[in-house]
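Open the model in your viewer and show side chains as sticks. This tour goes from one aromatic stop to the next.

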Amino acid sequence: MIIKLPSGKFQAKVRGGDGQWITKAFESRKDAWAFEAALKKKLAEGTETTNEMRSMTVDRYFEKWFEVVQSRASLGWRKEQLRNYRVFISPILGDRKIQTVTPHHVARILNEMSGKSEQTQLHVFSLLRKMFGDAIELFRVLTYNPAQKSLKPKVPVKETPHLKLAQVRSLLQHVQGKLHGDAIWVQLFLGLRIGELQALRWQEVDLEAGVVHIR
């Protein structure tokens, strides 16, 4: 239902899934029609569409979202994400309606974290990206993700330090005949990570062909 208000604006009215009217005013009839059509589509798809969803704060949304994702994640991951949300996100976005969050708000969170490590900033951005992405795909309360990819913090790539040739020779001489000495020789000559070395089994070694399969 589209109603022209005394102010000249156009009000779209759609009865939500809870039986209550959802209303919103627009400058043009075209925008009101688009809003009405989008809500009716959500209702036809069985998506939860109520005034509560429109007025839902980020804190309230996080509670609902966390209930859904926590069953699919490890305990350590849940604790880290909960802490990141409470420390960095909630103080800025918690009381704000989720539908009013913009990229500017996400940028503000990251700016407030300027004293934190790049890795921590990246974890918080990833949490925001996932939260708002699910708000689009799972909960249908947003139409776009305010955690834009252009805001993703850049984590500098640090070159891994390596032993110099003289240091390698010294190490091999030191471990010769000692426990795990052969393992260190194999690791250094093949350039293996520790996990790759630990995973090696005899069936991965082909002595005739001179090949070791790293899996």
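Which residues form one aromatic cluster? Select Phe 62, Trp 65, Phe 66 and Tyr 85: together they form it. Keep in mind that this is a predicted model.

**Stop one: a pair in helix α3**

Narrow the selection to Phe 62 and Phe 66. Both sit in helix α3, which covers residues 58-69. They are four residues apart, about one turn of the helix. The count for this model is four aromatic pairs. Phe 62 and Phe 66 make one of them, and the pair is stacked. Their ring centres lie 5.3 Å apart, with 20 degrees between the planes. The planes are under 30 degrees apart, so the pair counts as stacked.

Now turn on the surface. Phe 62 has a relative accessible area of 4%, so it is buried. Phe 66 is buried too, at 11%.

**Stop two: a pair in helix α8**

Next, select Trp 185 and Phe 189. This aromatic pair is stacked as well. Here the distance is 5.5 Å centre to centre, and the angle between the planes is 15 degrees. Show helix α8, residues 181-190. Trp 185 and Phe 189 are four residues apart in this helix, so about one helical turn separates them.

Buried or exposed: what is Phe 189? Its relative accessibility is 61%, so Phe 189 counts as exposed. Trp 185 has 33% relative accessibility and therefore counts as partly exposed.

**Last look**

Show both pairs together. Phe 62 and Phe 66 are buried, whereas Trp 185 is partly exposed and Phe 189 is exposed.

Technical notes
Residues are numbered from 1 along each chain as its sequence is written. This is a predicted model: local features need pLDDT of at least 70, side-chain atom pairs count only at pLDDT 80 or more; totals for chains, interfaces and linings use all residues. Side-chain values use heavy atoms; hydrogens and water are left out. Rings of Phe, Tyr and Trp (its six-membered ring) pair if their centres lie within 6.5 Å; planes under 30 degrees apart count as stacked, over 60 as edge-to-face and the rest as tilted. Helices (H or I, at least four residues) and strands (E, at least two) are DSSP runs, numbered from the N terminus. Buried means under 20% relative accessible area, exposed over 50%, partly exposed in between (1.4 Å probe, protein chains only).
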